[in-house]
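Student: I have a model open and want to go through its strands, helices and core. Can we take it step by step?
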Amino acid sequence: MEEIQLKAYGKINLGLDVIRKRPDGYHDLDMIMQTVGIYDDIIIKKTHTFGEIKVETDTEVLSNGKDNLAYMAVKTLFDEFDIHQGVKIHINKRIPIAGGMAGGSADCAATLIGINQMFELGLDTEALMKHGVKLGADVPYCVMGGTAIARGIGDVLTPLPAPPQCHVVIAKPPISVSTAYVYGRIRLEQIEKRPDIEGIAQSIRDGALKKMASLLYNVMEEVTVSEYPVIQKIEKILLEEGALNAIMSGSGPTVFGLFDDKEKAEKAVRTLEDKGLSQQLYLTGFVN
């Protein structure tokens, strides 16, 4: 196999709670993660340059160096299996960068999967997830994909059945938010409202879309919205246009709204386009 192409799917958080700060500096989380139909293209090719690992992207915003998670994915597998083949990875970005949708982790996960297939390493999903957690907290989930409760730093995963299908409008305003910045400013003792993670999970099991949507909540909004009011403006428009609910994904600033009516979802997209509040705007759905 000289070349392989993969889709690296982004995620949203149907619920996100921050439980406590750990001694290692990370935070224990309680979340429900959901894959959505926005993906980056990952193209991996073998080259004839001994030991070369080269990463290219279609944006100047991302590093192409050794700190790129796709580079790190190749390096960790090459080191373990003593592979000295050269490879080149090209990434076409669609997932918002620094947007709370695990774009870098998705690229890393897809690269782990691609290298495993290309070099016939024989690693199963669980083994790939164990490699992934060394590279980023969201990487194991991105390897697995679908719908899952995520606890710990996001690496303790419990799969859930697919939620009822709906139309998902995703809007990223023209700002980027540092995850470390948000975590550094969240005050756990001041959190007054928390998501009902088990309630969301049960509504998914029951196939109850409206119940699930009514329970969506992200505690990180308490930090990010105060710094970036445009997030709340986008949520308000989505709700006015008929979204069952609208919240921020991850540490933000990407916002998503769930719709049970495609025409309403399409109208919401047009309204957001007219208002000029979004740098990236998608109408998609869940992927399981």
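Tutor: Start with a term: two strands pair if DSSP finds at least two bridges between them. Keep in mind that this is a predicted model.

Student: How many bridges join β9 and β10, and in which sense do the strands pair?
Tutor: Pairing needs at least two bridges. Ala246 stands opposite Gly257 in β10. Strand β10 covers residues 255–259. Between β9 and β10 the count is four bridges, and the sense is antiparallel.

Student: What is the strand order in the open sheet of four strands?
Tutor: β9 pairs with β10 in the antiparallel sense. β10 also pairs with β7, over five bridges. β7 in turn pairs with β11, again antiparallel and over five bridges. The order is therefore fixed by pairing, given that strands pair if DSSP finds at least two bridges between them, and it reads β9-β10-β7-β11.

Student: Which strands are the edge strands?
Tutor: An edge strand here pairs on one side only. From one strand to the next, the twist averages 15 degrees. The edges are β9 (245–248) and β11 (280–284).

Student: In β11, which residue is the bridge partner of Val169?
Tutor: Look at β7, residues 167–172, where five of the six residues are buried. His167 stands opposite Phe259 in β10. On the β11 side, Val169 has as its bridge partner Leu283.

Student: Which side chains of β3 point to one face and are buried?
Tutor: In a regular strand the side chains alternate between the two faces of the sheet. β3 spans residues 53–57 and shows this alternation. Lys54 and Glu56 point to the other face and are not buried. The buried ones are Ile53, Val55 and Thr57.

Student: Why does Ile53 count as buried?
Tutor: Ile53 lies in strand β3. Buried means under 20% relative accessible area. Ile53 counts as buried because its relative accessibility is 15%.

Student: How far apart are the C-alpha atoms of Ile53 and Lys75?
Tutor: Leaving aside neighbours within four places in sequence, Ile53 is in contact with Tyr71, Val74, Lys75, Phe78 and Val87. Ile53 and Lys75 are 22 residues apart along the chain. Their C-alpha atoms are separated by 7.7 Å.

Student: What handedness does the β-α-β unit have?
Tutor: β3 and β4 (residues 86–92) run parallel and are joined by five bridges. Within that pairing, Lys54 has Lys88 as its bridge partner. Helix α1, residues 69–81, is the helix of the unit. The β-α-β unit is left-handed.

Student: Which strand gives the largest share of the largest nonpolar core?
Tutor: That core has 96 residues. Ile12, Leu14 and Phe256 are among those with the most contacts inside it. Leu14 is in contact with residues including Ile32, Ile247 and Phe256, leaving aside neighbours within four places in sequence. The largest share, eight residues, comes from strand β2 (residues 27–47).

Student: At roughly what angle do the axes of α9 and α10 cross?
Tutor: α9 covers residues 230–240 and α10 covers residues 262–275. Ile234, Ile237 and Leu238 in α9 meet Ala268, Thr271, Leu272 and Lys275 in α10. α9 passes α10 in a right-handed crossing. The axes come within 9 Å and cross at roughly 145 degrees.

Definitions and conventions. Residues numbered from 1 in each chain as written. Predicted model: local features only at pLDDT ≥ 70, side-chain atom pairs only at ≥ 80, totals over all residues. Heavy atoms only, no water. Buried < 20%, exposed > 50% of the residue type's maximum accessible area, 1.4 Å probe, protein only. Helix = DSSP H or I, 4+ residues; strand = E, 2+ residues; numbered from the N terminus. Right-handed = clockwise from strand over helix to strand, strands pointing away. Axes fitted to C-alpha atoms, helices over the stretch in contact; angles between N-to-C directions. Core = buried A, V, L, I, M, F, W, Y, C linked by side-chain atoms within 4.5 Å. Contact = heavy atoms within 4.5 Å. Left-handed = near helix turned anticlockwise from the far one by under 90°.
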